[in-house]
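These are my notebook entries on a structure that I looked through one topic at a time. I kept each entry short and wrote down what I looked up.

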Amino acid sequence: MGKSKQEKSAVIAELKSSLGDSQLAMVIDYHGLTVAQITELRRKLLAKGTVCKVTKNTLMKIAIEGNPTWQPMEKFLNGSTAVLLTKDDITGAIKAYQEFQKLTKKTEIKGGVMEGRALTESQIKAISELPSKEQLMAQVAGAINSLAAKIAIGINEIPSSLARGVKAISEKE
């Protein structure tokens, strides 16, 4: 038996809420995956701040209707579709999916949407090659730390140079 209109409305409202919190949506073809494999994928993605939504394409189309940010997703919504909605760690989520994809060899990326633009599989792979948020923060912290160390050494060098100059003058006299 199908879902009632009220249940469908609740699903659509939940999809709209999830989309509102997301930065990236990846649409994948999950045909051939077992329930255990989909559960494993969800578990891996959840650790990266990503949720995997398997819903009817028509319900997802209704959820994105009138929303220019997610409207490009409509062209990917056909066949066995799961939508991976990423909130925080975009590169980590893509890498987690790619790792899962290598193990199962049963899914493929149909496309994605980010900031109102449709993304191809190659563009999504290019995003995954960018450094993660944590890596960028570590690089910035390292740069700030090295700058602070150089300033400290420079400030410390001024009195030392002055002392050496005074000592050299006093030894001359």
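Entry one. I looked up the contacts of Ile124 and, leaving aside residues up to four places away in sequence, I found that Ile124 touches Met26, Ile94, Ile109, Gly111, Gly112 and Leu119. I noted that the model is a predicted one. Ile124 belongs to helix α5, which covers residues 121–128, and I entered Ile124 as buried because its relative accessible area is 0%, under the 20% cut-off. I also looked up Leu41, which lies 83 residues from Ile124 in sequence and 18 Å from Ile124 in space, C-alpha to C-alpha.

Entry two. I then searched the whole structure for salt bridges and found four. One of them stays within helix α5, where Glu121 and Lys125 are four residues apart, about one turn of the helix, and their side chains meet at 3.5 Å, N to O. Glu121 is partly exposed at 30%, and Lys125 is partly exposed at 35%.

Entry three. In helix α2 (residues 35–46), Arg43 and Glu40 are three residues apart, and their side chains form a salt bridge at 2.6 Å, N to O. Arg43 is exposed, at 52%, whereas Glu40 is partly exposed, at 29%.

Entry four. Glu99 and Lys44 also meet in a salt bridge, at 3.5 Å, N to O. This pair links distant parts of the chain, with Glu99 in helix α4 (residues 90–104) and Lys44 in helix α2, 55 residues apart. Lys44 is buried at 17%, while Glu99 is partly exposed at 47%.

How values were computed:
Residues are numbered from 1 along each chain as its sequence is written. This is a predicted model: local features need pLDDT of at least 70, side-chain atom pairs count only at pLDDT 80 or more; totals for chains, interfaces and linings use all residues. Side-chain values use heavy atoms; hydrogens and water are left out. Helices (H or I, at least four residues) and strands (E, at least two) are DSSP runs, numbered from the N terminus. Buried means under 20% relative accessible area, exposed over 50%, partly exposed in between (1.4 Å probe, protein chains only). Contact means heavy atoms within 4.5 Å.
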